[in-house]
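Work through the exercises below with the sequence and the structure open beside you, and try each task before reading its solution.

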Amino acid sequence: MSEKLLQVKNLEIQYKTDLETVYAVNGISFALDKGETLGIVGETGAGKTTAALSILRLLPEKTARIPKGEILFRGENLLLKPEAEMRSTRGEQISMIFQDPMTSLNPILTVGDQIFEALAFHNDTGMTREQMEARVDETLELVGIPRSRKRDYPHQFSGGMKQRVVIAIALACEPELLIADEPTTALDVTIQAQVLAMMNDLKHKLNTAMILITHDLGIVAQTCDHVAVMYAGEFVEYGSVFDLFTADKHHPYTDGLFGSIPNLEVETDRLQPIDGLMPDPTDLPSGCKFSPRCPKCMDICTKQKPTTYQNGTHRIACHLYSGKEVEEA
Amino acid sequence: MKQNFKEIFRRMKKNKAAMIGLVIITLIILTAVFADFISPYEYGIKQNSKERLLPPSSTHLFGTDGNGRDVFTRVIHGARTSLTLGLVTTLISAVGGGVLGACAGYYGGRLDDFIMRVLDTIMCIPNMLLALSIVAALGSGIGNLLIAITISNIPVFARIIRAVVLSIVENDYIEAAKACGTRDWRIIHRHILKNAMGPIVIQATMSISKMILLAASLSFLGLGVQPPAPEWGTMLSEAREFMRRAPYLMIFPGAAIVLSVLSLNLVGDGLRDALDPRLKS
Amino acid sequence: MIRYVLKRLLLMIPVLLGVAFIVFSVMSLAPGDPARAILGENATQEQLDMLNTQLGVDQPFLIRFGTFVVNVVTKLDFGLSYNSQRPVFDEIFTRFPYTLRLAVLGVIFSSIIGISIGVFSAIKQYSPFDTISTILALFFASVPGFWFGMMLILLFALQLGLLPSNGLDTVKHYILPTLSIAIPYSAGILRLTRSTMLETVRQDYIRTAKAKGVTEWVIIWKHAFRNALLPVITQLGNVFGQLLGGAVVIETVFAIPGLGSHIVNAIRMKDTPVVMASVMLLAFFFCLVILAVDLLYAFVDPRIKAKYARR
């Protein structure tokens, strides 16, 4: 088996303050090949952003702790890298696009400057200033912004255009891995489609692997190769897009997610939202973390952690399917 | 609203600095109120030429001044003057500024334009200078000092309250109240003042300390509280004469100013953090 | 941009007129008889009446104000000092530079001290350095400048004999007055800088910069500091105003022959024209500083710059 681009093993992340400990990520594992896209879906507060930030080691230093787990990028554990090396990885090999383009750009620097900076800090090939400026122009045009707008400031751009700039910054050094944290949530629906299409396009052009964090299953279906459904810091279900959208066995939470979006083929009077709220991450339920909200909750669910049912690439962590691993594997 | 105060106090209790400030200022207030019982000598304006410029000792804790008066007694009575000045001026300017600001914000239009134009112009004159010119026109003395620093403090309150009122007037429930035919003053009283309480309390706490400083400065210049009345700024002005011979005369009144201003600032900071946890760093 | 500057300069005129009007109204509340103040106790009633008519004291208030403004604008004539009988303008003009120098030095040093320590405090949040500077800032924000000045005199002039305590003759003379103005005011600037800096490093664009792999140093100075500076700049204008007021008291403490100590003397002598002219001059100056700060702000912040460039 060839070496994976990114391998995350048993990652756990906690936020510790004087008052409480927040269990944000509780043992997730996944792997990603070159050019592949993994979608991570889940509600707000499921730990998606925390997991993403940990790959770039951008978690708040004062509170975040990683007691367990490994993040292997091309075989190297990022968690053990010295800060200086990590800095040269950021932006060059791994980039990130953040949720809100409105606030993600520095208001007092021109967009050209902000793209240029990404290049200047990773100038391993010794490009001259002119060459880098030319790259800035290229990158801008790559994301569909005329190069004449290089000297403009962020406030002169619309939301969708700002997100293009953010993407341009992330792609300036042609990273191998791009982490996109809800890149379209803050945008209008029409702009969302444009930006997504562009990202898809660029991903293929540059053969970039991508982790796409979203709570929009539609986006997942359009762009992802694999999908992880995250709940309370755990992957409750993991599989290919095909598994997730067509398999007949699902985690009840995944069913819930699908139940809460409209379906054109099935006639329903109303949508089926998932009852209740996300559990308090400082005080997670024992056993299965979804059990308090689960419509199919059994006795065992509140007591014991579920085992993982596996069928090919499809993994579900639920007691409903326990004991069936062998027969179907 | 009552619950609100409880909640704010609960949050403030966690803030050590604010609690220290609260304890100190409470002690200072108690000292001011019971000054007559605490001070070892009678009201400190009686002169005693035999005991001039005695250094601090067990009989005269802070020593005696150039007129043989017990400095400890005068510092304690000075607390009364300074705190009263701070409180009264803040109260009047809060009410005055409040009315102006509320009217400007609530009625808007020309009245708003006029009031704000005037207040903005007043704010172009630094506080100290405005107070100085008022004292110059009216003459020095505690009453005129009070008027001078009150007027210089009104625009700040007016602006804050106007901003609060503007943010509230936009709300639908004010529209609803208006539509029901509720009287203007009742809307202002019931809806607006209650919401404005938080910012006003913070500003008032900060303002008391500013007023104490301003009053002390003016008195120091000989334009505020007149000797022989005990006031910290006046005492410092008198102490300058004996800087070489009796430096302790300068230390205690100054320390009293610092302590009261510091404790009020601590409480003000604490209140601000408690009222708006977002701002806490 | 030039049009914006011109426009702002034109808008200054009503503000200055307003300031003059307020000061003039306040001062006209002063009781007493100007002619009596000028001519002294021995003047006859006739002489008094004549001078009062000449001064226009019996004219209606608005006419008097109008005459005053016209005289000031056309002839820089603020009237005669009751005390010295000399033109007020000549008197205050020689003193103004002292006050100005003191205030400018105060602003420069308080911003250097306040901003630099504020930034380092914020970068090293919760470190001993931060704790100590925060406590010191709290303390100095509560210290009256004039008392601090007296303490400095006590220590450096009287006890150690290192520095002079009176006047402004040599560079050495400037040290103590400047410190006693700059340090208390730097406390406020420090607190503001620290909190805006802390606020700024939490912004999303700082995270974007980190994700780009930009070094800590560049993030602090290029990205965070420049943004955090904007609110501080706005505040500097106000600090300057307070500082002009503070300078009045500091000048008295250090016996500096500036405008401030002159005002205080004039108030004691009931020399109304001098007080009025001095206060007005300082207030005018403050207005100009506020304008300068606004323009500077517009220059530093591209958002505001762009807004006016389009006009």
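Three exercises follow, and they concern a predicted model.

**Exercise 1. A strand in chain A**

Task: Determine whether strand β7 (residues 177-181) of chain A is enclosed or open, and find which strands pair with β7(A).

Solution:
1. Begin with burial, for which a residue needs 20 or more other C-beta atoms within 10 Å of its own. In β7(A), 5 of the 5 residues are buried, so the strand is largely enclosed by the rest of the structure.
2. Next, take the two faces of the strand in turn: Leu177(A), Ile179(A) and Asp181(A) are buried on one side, and Leu178(A) and Ala180(A) are buried on the other, which leaves both faces covered.
3. Now look for partners. Strand β6 (residues 94-97) of chain A pairs with β7(A) in the parallel sense over 4 bridges, and Ile94(A) has Leu177(A) as its bridge partner in β7(A).
4. Strand β8 (residues 209-214) of chain A also runs parallel to β7(A), with 5 bridges joining the two, and the partner of Asp181(A) in β8(A) is Ile213(A).
5. Finally, follow the chain from β7(A) to β8(A): the path goes through helix α7 (residues 189-206) of chain A, and this β-α-β crossover is right-handed.

**Exercise 2. A helix in chain C**

Task: Compare the length of helix α4 (residues 61-75) of chain C with the expected span, and decide whether α4(C) is buried or in the open.

Solution:
1. The 15 residues of α4(C) reach 21 Å from the first C-alpha to the last, which is close to the 21 Å expected at 1.5 Å a residue.
2. Of these 15 residues, the number buried is 1, so α4(C) lies largely in the open.
3. Just after the helix comes Leu76(C), whose phi is positive, near 55°.

**Exercise 3. Chain B and its contact with chain C**

Task: Describe the secondary structure of chain B, and then examine the side of chain C that touches chain B.

Solution:
1. Chain B has 11 helices and 0 strands, and its C-alpha atoms fill a box of roughly 75 × 45 × 30 Å along the principal axes.
2. Of the 281 residues in chain B, 48% are buried.
3. Turning to the contact, 40 residues from chain C and 34 residues from chain B take part. On the side of chain C, the largest share, 8 residues, comes from α10(C).
4. Sorting the residues on that side of chain C by character gives 31 nonpolar, 9 polar and no charged.

Methods:
Residues numbered from 1 in each chain as written. Chains lettered and ligands numbered in written order. Predicted model: local features only at pLDDT ≥ 70, side-chain atom pairs only at ≥ 80, totals over all residues. Contact = placed C-beta atoms within 7 Å. Nonpolar A, V, L, I, M, F, W, Y, C, P; charged D, E, K, R; others polar. Buried ≥ 20, exposed ≤ 12 C-beta atoms within 10 Å, placed from the backbone. Expected span 1.5 Å × (residues − 1). Pairing = 2+ DSSP bridges. Right-handed = clockwise from strand over helix to strand, strands pointing away.
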